[in-house]
Amino acid sequence: MSVQQRRKYDSDFKRSAVLLSEESGRTVAEVAENLGVGKDLIYRWRRQMRERGEIAFPGNGKIALTSEQKKIQELEKKLKDTEMERDILKKAMAIFSRTSK
């Protein structure tokens with residue numbers, strides 16, 4: 001038995017396929033057959049383009065983030081680091097206050 005490998009398509013290919021499928025006079029099935037992909041895949045790509053717009057298809061399993069989402073992610077990381085530092089300092093204060101008595 002041979003195991004089929006998943007084919008990978010770059011973002012330019014996906015965008016082109018979506019644009020071709022949205023042209024008048026062409027059906028999704030025709031475009032899919034010409035490109036050698038399944039029509040369900042083109043429908044999925046069309047949905048992703050509608051939902052995500054220009055940040056659709058970031059590649060390599062990464063989630064594309066808007067600039068606001070990136071900023072939120074950075075701030076959450078800084079908050080987590082600051083809370084960890086605070087907790088360490090609290091524990092150190094408790095230890096030093098016990099030994100000085």
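A salt bridge here is a side-chain nitrogen of Lys or Arg within 4 Å of a carboxyl oxygen of Asp or Glu. Keep that cut-off in mind. E51 and R47 form such a bridge, with their closest N and O atoms 3.9 Å apart. I will come back to that pair.

First, the overall picture. This is a predicted model. The mean pLDDT is 84, and 88% of the residues score at least 70. Among the helices, where is confidence lowest, and where is it highest? It is lowest in α1, with a mean of 86, and highest in α4, residues 67-99, with 91.

The fold is quick to describe. There are four helices and zero strands. Reading from the N terminus, the order is α-α-α-α. The protein has 101 residues, and 17% of them count as buried. Its accessible surface is about 9000 Å². Carbon and sulfur atoms account for 53% of that surface. Now take contacts between residues at least 6 apart in sequence: 42% of them join residues at least 24 apart.

Next, helix α2. It spans residues 28-35. Which of its residues are buried? They are V28, V31 and A32. Looking down the axis of α2, these buried residues fall within an arc of 100°, so they line one face of the helix. What do they pack against? Two helices: α1, residues 11-22, and α3, residues 39-52. Turn to the face of α2 that points away from the buried side. There you find the exposed residues E33 and N34. After α2 comes G36, which has a positive phi, near 80°.

Now to helix α3, and to R46, which is found there. Is R46 buried or exposed? R46 is buried, yet it has no salt bridge. The nearest side chain of opposite charge is E22, 4.0 Å away. What does R46 touch, leaving aside neighbours within four places in sequence? Its contacts are V18, S21, E22 and V28. We have met V28 already, as one of the buried residues of α2.

On to helix α1, with two residues to look at. One is K14, which has its place in α1. K14 is also buried and also without a salt bridge. How far away is the nearest side chain of opposite charge? That is D10, at 8.0 Å. Setting aside neighbours within four places in sequence, K14 is in contact with Y9, W45 and F57.

The other is R15, which lies in α1 as well. Again without residues up to four places away in sequence, R15 touches M49, G53, E54, A56 and F57. So F57 is a contact of R15, and F57 is a contact of K14 too. One more distance for R15. Its C-alpha atom and that of I42 are separated by 9.7 Å, with the two positions 27 residues apart along the chain.

Back to the salt bridges. How many does the structure hold? Four. I will go through three pairs.

Start with E51 and R47, as promised. They are four residues apart in α3, so about one helical turn separates them. E51 is exposed, with a relative accessible area of 60%. R47 counts as partly exposed, at 39% relative accessibility.

Next, K77 and D81. Their side chains meet in a salt bridge, 3.2 Å from N to O. They too are four residues apart, this time in α4, and therefore separated by about one helical turn. K77 is exposed, with a relative accessible area of 54%. D81 counts as partly exposed because its relative accessibility is 30%.

Last, R26 and E23. Their closest N and O atoms are 3.4 Å apart. R26 counts as partly exposed, at 38% relative accessibility. E23 counts as partly exposed, at 41%.

To recap. The predicted model has four helices and zero strands. The buried residues of α2 pack against α1 and α3. R46 is buried without a salt bridge, and K14 is buried without one as well. The structure holds four salt bridges, including the one between E51 and R47.

Terms used
Residues numbered from 1 in each chain as written. Heavy atoms only, no water. Buried < 20%, exposed > 50% of the residue type's maximum accessible area, 1.4 Å probe, protein only. Arc of directions from axis to C-beta. Contact = heavy atoms within 4.5 Å. Lys, Arg positive; Asp, Glu negative; His and termini not counted. Areas by Shrake-Rupley, 256 points an atom, 1.4 Å probe, with all protein chains shown as cover. pLDDT = per-residue confidence, 0-100.
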